[in-house]
Amino acid sequence: MKPNFSLRLRIFNLNCWGIPYLSKHRADRMRRLGDFLNQESFDLALLEEVWSEQDFQYLRQKLSPTYPAAHHFRSGIIGSGLCVFSKHPIQELTQHVYTLNGYPYMIHHGDWFSGKAVGLLVLHLSGMVLNAYVTHLHAEYNRQKDIYLAHRVAQAWELAQFIHHTSKKADVVLLCGDLNMHPEDLGCCLLKEWTGLRDAYLETRDFKGSEEGNTMVPKNCYVSQQELKPFPFGVRIDYMLYKAVSGFYISCKSLETTTGNDPYSGTPLSDHEALMATLFVRHSPPQQSPHSTHRPAERSPLMSVLKEAWTELGLGMAQARWWAAFASYVIGLGLLLLALLCVLAAGGGAREAAILLWTPSVGLVLWAGRTRPRVSLDVSQAHSPSPGCCS
């Protein structure tokens, strides 16, 4: 590698809010997104919530002159919603579907049906190997009573492990996506501490955009004002994280977010704000590598986060076991009542009225017995953590 090696990368990330039949002005927003990406000509565009195959094919055709390489990561019943568009040839592609992802009976949330995942694409750029990851974790829905907290922590752990085990030959690692976590949340800290990934918003030399880098802001007309009421300036749940290894150094020269409007037409591209970063990668002699050595004391924040995550997952497991036992009792009671009704029905006559009264109750009992399926969490201890910094 030449000592004066330097490479500029322009990266775009957006949660597109492309739910068929539900998302407002979806077709128009996809059209304007394609126009914007063609005009800006990023090196990489990583998108979430492109749920429609038709939308992906439309973008693929429209963007093909500027981004000849594209891929749609498919999983679950309705797909992961993840897709990528690259100006450079993609050498490898793979994905990992998270093993824990909500409850199937929560149909109105829909996360279980989407097959949330992380997608990986490998690029070779001027002799440098770039591993770019795009992901979308389970939504929060209710911060005060978050029944999916253990799910997101488990997903953050799986994501960290996937990055750790697939990036051993990479020179630069880039992660973009909607993590559905605030910067100080447990899962976010766990991810950054374990992988050593750095936050572009905290590292950039030049930031332009919404206050505090927030990616869901009240100014956006598609955002629920009621949900953002506790956060008058919005929330930051979409991220660009990166790190360099093996003699390289990466820095974020500039980071920009939209501020509730399309940069050109004035109407939003999504209910999320887009992230646009300019990254610089250069050669770094081994003795100047910022992650070359780590003292044991530096691992204490990582151990603290791991212990907290283990405790949270333990609470999730305990709750899952309680609901599994409760469901078993309720179903058993429902079956007993059903058998009793069968006996009463066999008697006929005046007991028909009792059957009509009891049957709805049995239906409700049986439905209640299905409300909490058993949850299984498998968090294995890895052998060699990679210390980082969680801010």
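**Group meeting: a walk through a two-sheet model**

Okay, let's start with one residue: Lys192 is buried, with a relative accessible area of 1%. Buried here means under 20% relative accessible area, exposed means over 50%, and partly exposed is in between, using a 1.4 Å probe and protein chains only. Before going on, a word on the source: this is a predicted model, where local features need pLDDT of at least 70, side-chain atom pairs count only at pLDDT 80 or more, and totals for chains, interfaces and linings use all residues. Residues are numbered from 1 along each chain as its sequence is written, and side-chain values use heavy atoms, with hydrogens and water left out.

So what does Lys192 meet? Its side chain forms a salt bridge with that of Asp199, at 3.9 Å from N to O. By salt bridge I mean a side-chain nitrogen of Lys or Arg within 4 Å of a carboxyl oxygen of Asp or Glu. Asp199 is buried too, at 5% relative accessible area. And Asp199 has another salt bridge, with Arg236, where the closest N and O atoms are 3.0 Å apart. Arg236 sits in the loop between β10 and β11 while Asp199 is in strand β9, so this pair ties together parts that are 37 residues apart in sequence. Both Arg236 and Asp199 are buried.

Elsewhere, salt bridges that share partners link Asp28, Arg31, Arg32, Asp35, Lys62 and Asp262 into one network. The total by this rule is 16 salt bridges.

Let's zoom out to the whole chain. It has 8 helices and 13 strands. Those are DSSP runs numbered from the N terminus: H or I with at least four residues for helices, E with at least two for strands. Of the 391 residues, 51% are buried. If you take the contacts with a separation of 6 or more, 74% of them are between residues 24 or more positions apart; a contact means heavy atoms within 4.5 Å. The accessible surface comes to about 18,700 Å², and 58% of that belongs to carbon and sulfur atoms. Those areas come from the Shrake-Rupley method with a 1.4 Å probe, and for residues only the protein chains shown count as cover.

Now the sheets. One is an open sheet of 6 strands in the order β5-β6-β7-β8-β11-β9, with mixed pairing. Two strands pair if DSSP finds at least two bridges between them. β5 (92-97) and β9 (198-199) are at the edges with a single partner strand each, so one side of each has no neighbour in the sheet. Inside the order, β8 (172-178) and β11 (238-244) run antiparallel and are joined by 7 bridges. For example, Gly177 has Tyr239 in β11 as its bridge partner. Helix α5 (186-195) lies across β8, β9 and β11, running at about 10 degrees to β11. For angles like that, axes are lines fitted to C-alpha atoms, for helices over the stretch in contact, and the angle runs from 0 to 180 degrees between N-to-C directions.

The other open sheet has 7 strands, in the order β3-β4-β2-β1-β13-β12-β10, again with mixed pairing. Its edges are β3 and β10 (207-208), each with a single partner strand, so one side of each is left without a neighbour in the sheet. β3 and β4 run antiparallel, with 5 bridges between them, and Ala70 pairs with Phe85 in β4. Helix α1 (26-40) lies across β1 (6-18), β2 (44-50) and β13 (275-283), at about 175 degrees to β1.

Stay with the loop between β3 (69-73) and β4 (82-86), where Ile77 is found. Is Ile77 buried or exposed? Exposed, because its relative accessibility is 61%. Ile77, Ile78 and Trp112 make a nonpolar surface patch with about 320 Å² of accessible area together. The patch rule takes residues with over 30% relative accessible area and no salt bridge, joining like charges within 9 Å and nonpolar side chains (Val, Leu, Ile, Met, Phe, Trp, Tyr) within 5 Å.

The loop between β3 and β4 also holds Arg74, and Glu53 is in helix α2 (53-63), so their pair ties together parts 21 residues apart in sequence. They form a salt bridge with the closest N and O atoms 2.8 Å apart. Glu53 is partly exposed at 31%, and so is Arg74 at 45%.

Last bit: backbone angles. Most residues other than glycine have a negative phi. Ser41, not a glycine, has a positive phi of about 55 degrees; it lies in the loop between α1 and β2. Asn180 also has a positive phi of about 55 degrees, sits in the loop between β8 and α5, and is buried at 10%.
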